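Q: Please take a close look at one part of this model, the pairing of its opening strands, and then carry the account on to the helix, the aromatic rings and the cysteines. A connected answer would suit me better than a list.

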Amino acid sequence: MSILTTALYRQGASHVKKNVVCQDYAQLFIPNDDVFILALSDGHGSPKYFRSDVGSKLAVETAIEALTEFVKEFEPNKYDKIFRHLGSSIIYRWYDKIMSHWNNYPPTEAELQKLSVEDKQYFQMNDLSKRIPKAYGCTLQLAVRTKDYW
């Protein structure tokens with residue numbers, strides 16, 4: 001299968017001006033001549049999503065892992081069940097990774113100082129496990145191509 005591809009992400013001009021890190025991430029994975037996987041993530045830009053750069057990177061890495069398994073198991077006649085499982089698998093794995101990151105790297109004073117009073121209170125409320133994903137907020141887009149399907 002012949003396909004010309006690239007994956008690129010850059011810090012935008014407004015982020016350069018404001019000294020904000022690039023919150024996007026992309027990865028192209030071509031394990032063999034028959035499989036092409038592209039994942040890209042756009043981190044949320046608001047200060048309350050203060051770890052969206054990490055969230056984006058973890059989302060892409062998680063999606064590549066899950067899609068690599070997906071292309072090995074895909075059966076066209078069972079696509080509905082497999083697609084539902086794929087989405088759940090990516091979300092569950094991403095959640096596990098961001099929770100691990102949060103526990104290994106608790107928020108720094110520098111991160112918390114950038115938050116509004118309201119956002120600081122949000123992250124200090126009970127049941128933090130439901131609030132942590134907001135800090136890592138991002139969107140995720142995926143594309144997969146094999147010799148049998150696109």
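**From the hairpin to the aromatic cluster**

A: In this predicted model, strand β1 (residues 24–32) and strand β2 (residues 35–43) run antiparallel and are joined by 7 bridges. The connection from β1 to β2 is a hairpin of 2 residues, and Asn32 has Val35 of β2 as its bridge partner. As a general point, side chains in a regular strand alternate between the two faces of the sheet.

Helix α3 comes next, covering residues 79–104. Its 26 residues should span 38 Å at 1.5 Å a residue, and because the C-alpha atoms at its ends lie 37 Å apart, the expected and modelled lengths agree. The buried residues in α3 are Ile82, Leu86, Ser89, Ile90, Trp94, Ile98, Met99, His101 and Trp102. In an α-helix there are 3.6 residues a turn, so residues three or four places apart point the same way. The cover over the buried residues of α3 includes α2 (52–73), α5 (117–124), α6 (132–135) and β3 (138–146).

Trp102, one of those buried residues of α3, also belongs to an aromatic cluster that it forms with Phe50, Tyr122, Phe123 and Tyr136. The model holds 5 aromatic pairs, and among them Tyr122 and Phe123 meet edge-to-face, with 5.2 Å from centre to centre and 90° between the planes. The two partners of this pair can also be described by their accessibility: Tyr122 is partly exposed, at a relative accessible area of 24%, whereas Phe123 is buried, at 7%. The ring of Tyr122 has charged neighbours as well, for the charged end of Arg131 sits over that ring at 4.8 Å from its centre, and the charged end of Lys134 likewise sits over the ring of Tyr122, at 5.4 Å from the centre.

The cysteines remain to be considered. A disulfide is a covalent bond between the sulfur atoms of two cysteines, and the count of disulfides here is 0. The reason can be read from the distance: the cysteine sulfur closest to that of Cys22 belongs to Cys138 and is 12 Å away, which is too far for a bond, given that a disulfide requires the sulfur atoms to be within 2.5 Å. Cys138 is accordingly in no disulfide, its nearest cysteine sulfur being that of Cys22. As for accessibility, Cys22 counts as partly exposed at 21%, while Cys138 counts as buried at 18%, because the cut-off for buried is under 20% relative accessible area.

Key. Residues numbered from 1 in each chain as written. Predicted model: local features only at pLDDT ≥ 70, side-chain atom pairs only at ≥ 80, totals over all residues. Heavy atoms only, no water. Phe/Tyr/Trp six-rings, centres within 6.5 Å; stacked < 30°, edge-to-face > 60°. Buried < 20%, exposed > 50% of the residue type's maximum accessible area, 1.4 Å probe, protein only. Lys NZ or Arg CZ within 6 Å of the ring centre and 35° of its normal. Pairing = 2+ DSSP bridges. Helix = DSSP H or I, 4+ residues; strand = E, 2+ residues; numbered from the N terminus. Expected span 1.5 Å × (residues − 1). Contact = heavy atoms within 4.5 Å.
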